[in-house]
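Student: I should like to learn how to read the features of a protein model. May we work through some of them together?

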Amino acid sequence: MKTEFEKGSHPYGGGGPKKKTLVLALLSFVLSHWVVQGQEIQIDPITDSILPISLEEIILISSYKRSLEHKSHHKPLSTLDEYLESSKKVGMIKRGAYAWEPVLNDMGSERLAVTIDGMRIFGACTDRMDPITSYVDVSNLSDVHVACGQQGAEQGATIGGAIDLRLEKSNFKPLGWTGSVETGGESNNAAQIIGGELNYSDERFYLDTDIIYRKAENYTAGGGQEVAYSQFEKYNLSANTGYRVSDDQRVLASFIFDEARDVGYPALPMDVSLARAFIGSVSWVQTDLIGGFEQWETKLYANSITHIMDDSERPDVPIRMDMPGWSDTYGYYSQVRLKLDKHAFLMKLDGFYNRSLAEMTMYPNNPGEPEMFMLTWPDVRTLNTGFYAEDEIELKASSLKLSGRLALQGFRVADALGLNSLRIFYPEMQRRQSRFLKSVSTQYHRKFKTVHFNGGLSYGDRAPSVSEGFGFYLFNSFDNHDYIGDPDLKNEKAIEVNAKLSLPLEKLTLGVEGNYFHTMDYIIGELNPALSVMTIGAEGVKVYKNLDYAQLYNATLDAKYQITPALICSGLLSYHRGTDQDGRNLPFISPLVYNAMLQYSRGKFTGSLMMRGAGDQVHFNPGFGEDRTDGYTMFSLSLGKSFSINQDNLYVKAGVENIFDTFYSTYSDWNNIPRMGRNLYMTVSYAIN
């Protein structure tokens, strides 16, 4: 089975003339995809209209009336990966059909702060096959909050921004007992989905529980080509509870258990036999405090992740390997708000302790030869303590938001074997090190009659990730090189400039948005020809180094038009570019992308026609394993209807994705793995009110 797919070689290939791509891109601006989007808002006392303050996005996932969840998304019971990919700001790196890695502003997980309800969690896989988003399900969440650049510093030190996965809670609404049962199926990969929830809520106490099961076989690409090792099976259950101690005091708790087994990764040489997470928290919330202080929340949390890679299901490998990894995190935060005249303050103290350990055992084909063992993450202990503060100032027809973060982060290599292995390359390496992290940001909003302007300037830095600082012979199948960390890396730093103009009219809304990142000491792997490979078949060894700088540009044009009260047409066109100080293209930078949707909703009936596509990726870098990706255009259709049964709701939705069975892959599909071909799906939800 080949793990690399030729781009543009299939008779159903998505490539086309450039003129056609341009026409489709322009069409996408006129008829485009509408993502459910939200921002921090205030009400203009003169016009009573909603004014955006921050350049942020909220991806709505569910609501207390479960039927609304199905109306708000093209495909109900989607995986969280599919919800995120439908976002205006988030991209996804795909290594299979499961556990896609989120990308924000063309930056991967090491440059982002990804949290679950504000809890810091770190994956246990050296190959980033288990992003934090893989350990929750849409059944757990109410929405996903996306903040770009230093606007995400509330969640931790970051360069690209933050993604906070917010848990669904009844929040003491007097609903009594409610519940639902949901099931769905898909034709392409024989996917089976079944789930349910049972909730109780009154003004004093609530308990929300849900469980969901997903199982899928290998999927087929456009034209019928089977993509082997793309199966997966996943269980997820969660519980949220709250007790109102008094009118202004509450105790909250949450727990998530997530387990995936038999997860295939067709773009990689190994699969995953187990990915398991335990995630829990306890919170104290007090709405009224001393003086003008309010909304005081303190949370204690812990999570434990186990991730096991193996190649036992692969029929022909040069050498058998097991690669287990573990990540345990314990943390807290305490935040409070203060309202003084025209100032709205938020102050937050937070911290976490993380332990990351990963190992590799190689089993020679000759039973007489000894096994080979090494630590790929040498039991790295990370301790971080930080303080974040922001002040949102209300001005005449405008607002100003000032924010900043200070943090101290320490690393300790706890395992002597791992420490001595790294000292082969860095003889003077110390067991401990400390780093000082900082962030400042200014965001301004002003309304000029019907035009809104947002603009901002910020600076932030981050420490190297565990892999970048302490990784030991980590194999990257994308560029076919082993990677070694460098504990002496400098902190990566970035200056960001962003701006947005929006024109909300009665039926038409137009917006143009862009940002620019000038990143100093950009961290990336560079070839070291003096080192020998560890992985059989690898082409060389790269060591993480600091570049002088890198530059990333992002620009988005979007529109929404209310054709009739029941019919909405909206659009998105996005351009990205990334280069280093020598003009080399950075890896995983999106080409021109466009998407479009016509959405109809009237009474109990909904329907949508969606188009998604991209231009040719011409700004690629072969040195990082990239090659040219042909442009493509893909269409999908869905129809849904709700029914009332006594006081309960039944919702049925059916649709077809990739209607024309287009064969295509995107710039972010690892080793050119093709996307799914034509796929028919149907979901049924029965909500008990």
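Tutor: The turns below go through strand pairing, the nonpolar interior, the surface and individual residues. Please keep in mind that this is a predicted model.

Student: Let us begin with strand pairing. In which sense do strand E22 and strand E23 pair, and over how many bridges?

Tutor: One looks for bridges between two strands and then for their relative direction. Here E22 (residues 398-413) and E23 (residues 432-448) are antiparallel and share 15 bridges. Within this pairing, Phe-411 stands opposite Gln-433 in E23.

Student: Which strand is joined to E23 by ten bridges?

Tutor: That partner is E24 (residues 451-462), and the two strands run antiparallel. Thr-442 is the residue opposite Leu-457 in E24. The hairpin of E23 and E24 has two residues between its strands, and Lys-449 adopts a positive phi near 55 degrees there.

Student: How many residues make up the largest nonpolar core?

Tutor: The largest core holds 90 residues, and those with the most contacts inside it include Leu-80, Leu-165 and Tyr-265. To see how one member is surrounded, take Leu-165: beyond its neighbours within four places in sequence, its contacts include Leu-80, Ile-116, Leu-141 and Val-144, as well as Asp-117 and Asp-143. There is also a second, separate core of twelve residues, among them Met-107, Ile-524, Leu-552 and Ile-589.

Student: Which residues make the nonpolar patch on the surface?

Tutor: Phe-205, Leu-207, Tyr-243, Val-245, Val-251 and Val-282 form this patch of about 450 Å². Strands E12 (205-216) and E15 (232-246) each contribute at least two of the patch residues. Val-245 belongs to E15, and it counts as partly exposed because its relative accessibility is 35%, between the cut-offs of 20% and 50%.

Student: Is Thr-178 buried or exposed?

Tutor: One compares the relative accessible area with the cut-off for burial, which is under 20%. Thr-178 is buried because its value is 18%. This residue lies in strand E10 (residues 176-186). Leaving out residues up to four places away in sequence, Thr-178 touches Glu-197, Leu-198, Asn-199, Ile-688 and Asn-689. By contrast, the C-alpha atoms of Thr-178 and Met-534 are separated by 56 Å, with their positions 356 residues apart along the chain.

Student: Why does Asn-646 count as exposed?

Tutor: The threshold for this class is over 50%. Asn-646 counts as exposed because its relative accessibility is 77%. Asn-646 is placed in the loop between strand E35 (632-645) and strand E36 (648-657). Its C-alpha atom is 9.7 Å from that of Asn-689, a residue 43 places away along the chain.

Notes:
Residues are numbered from 1 along each chain as its sequence is written. This is a predicted model: local features need pLDDT of at least 70, side-chain atom pairs count only at pLDDT 80 or more; totals for chains, interfaces and linings use all residues. Side-chain values use heavy atoms; hydrogens and water are left out. Helices (H or I, at least four residues) and strands (E, at least two) are DSSP runs, numbered from the N terminus. Buried means under 20% relative accessible area, exposed over 50%, partly exposed in between (1.4 Å probe, protein chains only). A nonpolar core is a set of buried Ala, Val, Leu, Ile, Met, Phe, Trp, Tyr and Cys residues joined through side-chain atoms within 4.5 Å. Contact means heavy atoms within 4.5 Å. Patches are made of residues with over 30% relative accessible area and no salt bridge: like charges are joined within 9 Å, nonpolar side chains (Val, Leu, Ile, Met, Phe, Trp, Tyr) within 5 Å. Accessible areas come from the Shrake-Rupley method with a 1.4 Å probe; for residues, only the protein chains shown count as cover. A salt bridge is a side-chain nitrogen of Lys or Arg within 4 Å of a carboxyl oxygen of Asp or Glu. Two strands pair if DSSP finds at least two bridges between them.
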